[in-house]
Amino acid sequence: FVTEDVNCPVCKCDVSDDAKGLMCDTCQVWFHGSCLLISDEEYGDLSKSDSSWSCMGCQVGDSNQLKWGKLKGEKVIQQVVKATYMEITKWKKNLFTLPRGKAGVHFINEVARLIFLFTDQTAWSELSLSMIHVFIPLMLQKPSANSKAKNNAKFLAERLAKWNEGNLQSLVDEAREIQARLSQSTRRKETSCHVAFTRLMLLGQVGKAVKLIDNNSDVKGVHSLTRHVKTVLACKHPDGKPAPTQLKLEIKAPEPQPVIFEQIDAQMVYKVAKNLHGSDGPTLIDAEGWK
């Protein structure tokens, strides 16, 4: 039982007596079972067991001690995550908006937990960022073009359970089938995309027009570095040349005063983040998605 007020390091909220908490036997820190995506059945087994339990951050020492569901050992986990990542980089963007409710909260908690595993310099630091890159697109794959929020929440809950079990293969198989159907539907939307692009350009909305083409492009993912690709890249990026003398500035920028950083606080970071715009990277989530 929890004998004093303690906060779960994942959600930063109190772990009360009735919150189904777990204490790490190594660092003596309490966690909510739900924040670690531990099912009620698994929690019941752990609470009855006499064996010690350690959080992911304390699974240090021998890399083979790392365990994620059925996956054991750092090398095994790294290989599975890397293979998944390499496939995801070739997918088209097809993500639903994070639904409200329990599944959405669990999703946010898992993203936060993976980030903390990296920033806190745990044994999982080498893996956690790669895990985030595959976690988000696997969890938020839109099951169909007309799927509703309620259906998305159901799929998200099922996927979170598989993620907790380290069952990446099942998640990839499902997403692969969704991506295959996307490739078929893209050809049917080609004409309407051209019409929409023309309309946006006539209205002077160049940014939206470019984004439309990008989202509907048949070109997806990262190209293999073939001889043809290297030739095309060389043509687009010729060898560098010395800059003309007249373009060089002789003025040296003054050193900034450290006091300018005093104005940077949490509220400023939040406001700047809310005003960011940009395309997506490996996670397939652009600035709007992160906001």
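1. Ala 287 counts as buried, because its relative accessibility is 14% and buried means under 20%. This residue belongs to helix H11, which covers residues 287-290. Leaving aside neighbours within four places in sequence, Ala 287 is in contact with Leu 276, His 277 and Gly 278. The C-alpha atoms of Ala 287 and Leu 276 are separated by 6.2 Å, although the two residues are eleven apart along the chain. The model discussed throughout this note is a predicted one.

2. As to the overall make-up, the protein chain contains eleven helices and four strands. It has 291 residues, of which 32% count as buried. Among contacts with a separation of 6 or more, 61% are between residues 24 or more positions apart. The accessible surface of the protein chain is about 19700 Å², and carbon and sulfur atoms hold 56% of that surface.

3. The largest nonpolar core comprises 33 residues, and those with the most contacts inside it are Trp 68, Phe 135, Leu 138, Met 139, Leu 140 and Trp 163. Two or more residues come from each of helix H2 (74-88), helix H3 (102-119), helix H4 (125-139), helix H5 (149-164) and helix H6 (168-188). H4 gives the most, with eight residues. Another core, of 14 residues, lies apart from this one; Leu 22, Cys 24, Ile 38 and Trp 53 are among its members. In soluble globular proteins, nonpolar side chains tend to be buried together.

4. Leu 140 and Gln 141 deserve to be read side by side. Apart from neighbours within four places in sequence, Leu 140 is in contact with Asn 94, Leu 95, Phe 96, Leu 98, Phe 107, Leu 156, Arg 159 and Ile 285. Gln 141 sits in the loop between H4 and H5 and counts as buried, since its relative accessibility is 0%. The contacts of Gln 141, with the same neighbours in sequence left aside, include Trp 91, Asn 94, Arg 159 and Gln 179. Its side chain makes a polar contact of 3.3 Å with the side chain of Asn 94. The side chain of Gln 141 also reaches the backbone oxygen of Pro 137 at 3.4 Å.

5. The structure holds five salt bridges. In one of them, Glu 110 pairs with Arg 113, and the closest N and O atoms are 2.6 Å apart. Both residues lie in helix H3, three residues apart, about one turn of the helix. Both Glu 110 and Arg 113 are buried.

6. Glu 158 forms a salt bridge with Lys 154, with 3.6 Å between the closest N and O atoms. These two are separated by about one helical turn because they are four residues apart in helix H5. Glu 158 is partly exposed at a relative accessible area of 39%, and Lys 154 is partly exposed at 41%.

7. Arg 159 forms a salt bridge with Glu 174, the closest N and O atoms being 2.8 Å apart. This pair links distant parts of the chain, with Arg 159 in helix H5 and Glu 174 in helix H6, 15 residues apart. Arg 159 is buried, with a relative accessible area of 2%, whereas Glu 174 is partly exposed at 23%. Glu 87, Asp 173 and Arg 176 are joined into one network by salt bridges that share partners.

8. On the surface, Val 259, Ile 260, Phe 261, Ile 264, Met 268, Val 269, Val 272 and Leu 276 make a nonpolar patch of about 720 Å². Ile 264 lies in the loop between helix H9 (227-236) and helix H10 (266-274). Its relative accessible area is 46%, so Ile 264 is partly exposed.

Conventions: Residues are numbered from 1 along each chain as its sequence is written. This is a predicted model: local features need pLDDT of at least 70, side-chain atom pairs count only at pLDDT 80 or more; totals for chains, interfaces and linings use all residues. Side-chain values use heavy atoms; hydrogens and water are left out. Patches are made of residues with over 30% relative accessible area and no salt bridge: like charges are joined within 9 Å, nonpolar side chains (Val, Leu, Ile, Met, Phe, Trp, Tyr) within 5 Å. Accessible areas come from the Shrake-Rupley method with a 1.4 Å probe; for residues, only the protein chains shown count as cover. A salt bridge is a side-chain nitrogen of Lys or Arg within 4 Å of a carboxyl oxygen of Asp or Glu. Buried means under 20% relative accessible area, exposed over 50%, partly exposed in between (1.4 Å probe, protein chains only). Contact means heavy atoms within 4.5 Å. A nonpolar core is a set of buried Ala, Val, Leu, Ile, Met, Phe, Trp, Tyr and Cys residues joined through side-chain atoms within 4.5 Å. A polar contact is a pair of N or O atoms within 3.5 Å; within protein, one must be able to donate a hydrogen and the other to accept it, and residues adjacent in sequence count only if both atoms are side-chain atoms.
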